[in-house]
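Me: I am new to reading protein models. Please take one part of this one and walk me through it closely, then link it to what lies elsewhere in the chain.

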Amino acid sequence: MSDLMTAPRWKIWGLVFAFWTLLALSYTASSVISMISEGEAFNWTRPLTWNLANAYLWMLLTPAVSWLGTQGGTGGWGRFWAVHAPASIVLAAAQVMLVLCIYWTLCGPPSSQPHLAFGAFARMQFAYNFHLSVLTYGVMLVVLRAIDSQRRLRDERLRNANLETQLVQSQLQTLRVQLQPHFLFNTLNAISALALADPVQARQMIARLSDFLRLTLEERHAQQVPLSREMEFLNCYLGIQQVRFQDRLTTHLDVSTDTMRALVPNMILQPLVENALRHGLLDKTERGTLHIETRREGDALLLRVDDDGIGLPPGGAREGIGLGNTRTRLDMLFGDAATVELQRRANGGTRVELRFPFRECAA
C-alpha cells in the first residue's frame with residue numbers, strides 16, 4: 001500500500017485502469033457463462049459493451065467520489081449522511097443513465113425485442129441497476145477513505161520522524177556547543193598560567209589552539225566525521241597538552257588502519273582524553289602515559305582511552321560534562337547499540353571504552 005501511494009501518478013492511473021478493465025472482463029465472462037449454462041444464444045459484444053461502459057464511467061467518477069469522501073469525512077455522522085446520501089443518489093442515477101445511453105447507441109435494442117423503444121428499455125434497466133450503482137458508490141467510498149487514511153497516517157509518521165530527527169540534531173548540536181567552551185576555557189586557563197612563567201610556550205599553545213579551532217569550525221555542521229578526521233582534532237589537541245605537560249606526558253596512538261574510514265561522532269575523543277589528563281595525570285608527580293586505541297570488533301567500533309594516572313576515587317567517579325555528554329550523544333545517535341564503560345585498570349589508572357555500530361563513510 002505504501003509503495004502504491006508513493007508511485008508516480010501515471011503508474012497509479014495505469015493500475016486503476018487495469019483494475020476496472022479486469023473487473024469488466026470478469027463480469028462479462030460471468031454473464032456469458034451464465035447464458036451458456038442456461039442454453040441461451042450469446043455473443044460477447046453486448047455484455048462486454050455494458051460492463052466496460054459501466055466500469056470506465058466509475059473510473060472517471062473516482063476523483064469525484066474521493067472529493068466527496070473528503071468533504072463528508074469531518075463533522076460527524078450528521079455531515080456524513082448529509083453529503084453522501086444525496087451524492088450517492090445523484091451520481092448513481094447519472095452513471096446508470098450514461099451507461100444506458102452508451103449501450104443503446106452502440107448496441108441498440110436486444111435481438112429478442114427489436115422494436116423496443118429506448119424509454120421502455122431505460123425504465124426497465126434503471127430499476128434493476130440503480131441500487132447496484134448505489135452499492136458501488138459505497139464500496140468505492142470505503143476503499144478511497146481507507147487509502148486516504150493510510151496516506152494521512154504515513155504522512156503523520158513521516159512528519160513525526162522528521163521532527164524527532166530535528167530534535168535530536170538540535171540536542172546534539174547543543175551538546176557540542178557545550179563541549180567547545182568547556183575545552184576552550186580550560187585551555188585559556190592553561191595559557192594564562194604560562195603567559196608569565198613561559199611566554200614562548202604560551203605562544204605555542206595559542207598557535208595550536210588556533211589550528212584546533214579552525215579544524216572544529218570546518219566541521220561545525222557535521223554530527224559524524226571519519227575517524228581519520230577525528231584523529232586530526234585529537235593530534236592538534238594533544239599538541240596543545242604536550243606544551244602544557246612538557247616531558248611529564250607520553251602518548252601512544254594505536255589506530256587500526258581498517259577503522260580510519262569509520263564514522264564517529266564529532267569531537268568524541270577529545271573530552272575523554274581531557275578527562276584522563278585532568279583527573280588522572282595532572283596530579284601525578286612522575287611521567288604519565290596516555291594510550292588511545294581504536295579497532296573493529298565485528299560490526300562494532302571500539303574506542304579506548306587508557307591512562308596510568310591516580311585512578312578513580314574509592315567512591316567511584318562523578319560523571320562530569322565530558323563523559324555525560326559523550327554518553328548522551330551516543331545514546332541519541334545509536335540508542336542501545338552503543339555503550340560507555342568507565343573502569344579501573346588492573347595495573348593502575350583508568351580506562352574508558354566506547355562501543356557503537358561500525359559504519360564507513362561514503363567514498
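Reply: Start with Arg355. Its relative accessibility is 24%, so Arg355 counts as partly exposed. Keep in mind that this is a predicted model.

What does Arg355 pair with? Its side chain meets that of Glu353 in a salt bridge, with N and O 3.1 Å apart. Glu353 has a relative accessible area of 6%, so this partner is buried. The cut-off helps here: buried means under 20%, and partly exposed runs from there up to 50%. The pair therefore joins a buried residue, Glu353, to a partly exposed one, Arg355.

The pair does not stand alone. Salt bridges with shared partners link Glu293, Arg295, Glu297, Arg304, Glu353 and Arg355 into one network. Why can such pairs form? Side chains of opposite charge can pair when their charged atoms come close.

Look at another link in that network. Arg295 and Glu297 form a salt bridge through their side chains, at 2.8 Å from N to O. Here both ends are partly exposed: Arg295 has a relative accessible area of 24%, and Glu297 has 30%.

How many salt bridges are there in the model? The count is 11. One of them lies in a helix. Asp148 pairs with Arg152, and their closest N and O atoms are 2.8 Å apart. Both residues sit in helix H5, which covers residues 118–197. They are four residues apart, so about one helical turn separates them. That spacing fits a general rule. An α-helix has 3.6 residues a turn, so residues three or four places apart point the same way. Now check how open each partner is. Asp148 is buried, at 11% relative accessibility. Arg152 is partly exposed, at 46%.

Go back to the neighbourhood of Glu353 in the sequence. Leu354 has a partner in space too. Its C-alpha lies 7.3 Å from that of Ala338, although the two are 16 residues apart in sequence. Ala338 belongs to the loop between helix H9 (321–334) and strand S6 (339–344). With a relative accessible area of 16%, Ala338 is buried.

A second pair shows a longer step along the chain. Thr251 and Thr289 are 38 residues apart along the chain, and their C-alpha atoms are separated by 5.8 Å. Thr251 sits in strand S2, residues 249–255. It is partly exposed, at 28% relative accessible area.

Next comes a residue with an odd backbone angle. Which way does phi usually go? Most residues other than glycine have a negative phi. Met267 has a positive phi of about 60°, although it is not a glycine. Its place is the loop between strand S3 (263–265) and helix H8. Met267 is buried, with only 2% relative accessibility.

Helix H8 follows, at residues 270–281. It has 12 residues, and at 1.5 Å a residue they should span 16 Å. The end C-alpha atoms are 15 Å apart, which agrees. Is H8 enclosed or open? Nine of its 12 residues are buried, so the rest of the structure largely encloses it. Among those buried residues are Pro271, Leu272, Val273 and Leu277. Glu274 is buried as well.

Now move to the start of the chain, where helices pack side by side. Helix H2 covers residues 9–37. Its 29 residues reach 42 Å from first C-alpha to last, close to the 42 Å expected. The buried residues of H2 are Trp20, Thr21, Ala24, Thr28, Val32 and Met35.

How do we describe packed helices? We use the angle between their axes and the distance between the axes. H2 and H3 pack at about 150°, with axes 9 Å apart. An angle over 145 degrees counts as roughly antiparallel. H2 and H3 are therefore roughly antiparallel to each other. Their crossing is right-handed.

H3 also meets H4. Helix H3 holds residues 45–71, and helix H4 holds residues 76–107. Their axes come within 9 Å and cross at roughly 155°. H3 and H4 are therefore roughly antiparallel too. The crossing of H3 and H4 is right-handed. What kinds of residues make this contact? H3 and H4 bring together 18 nonpolar, seven polar and two charged residues.

Terms used
Residues numbered from 1 in each chain as written. Predicted model: local features only at pLDDT ≥ 70, side-chain atom pairs only at ≥ 80, totals over all residues. Heavy atoms only, no water. Axes fitted to C-alpha atoms, helices over the stretch in contact; angles between N-to-C directions. Helix = DSSP H or I, 4+ residues; strand = E, 2+ residues; numbered from the N terminus. Parallel < 35°, antiparallel > 145°, perpendicular 65-115°, else oblique. Left-handed = near helix turned anticlockwise from the far one by under 90°. Nonpolar A, V, L, I, M, F, W, Y, C, P; charged D, E, K, R; others polar. Salt bridge = Lys/Arg side-chain N within 4 Å of Asp/Glu carboxyl O. Buried < 20%, exposed > 50% of the residue type's maximum accessible area, 1.4 Å probe, protein only. Expected span 1.5 Å × (residues − 1).
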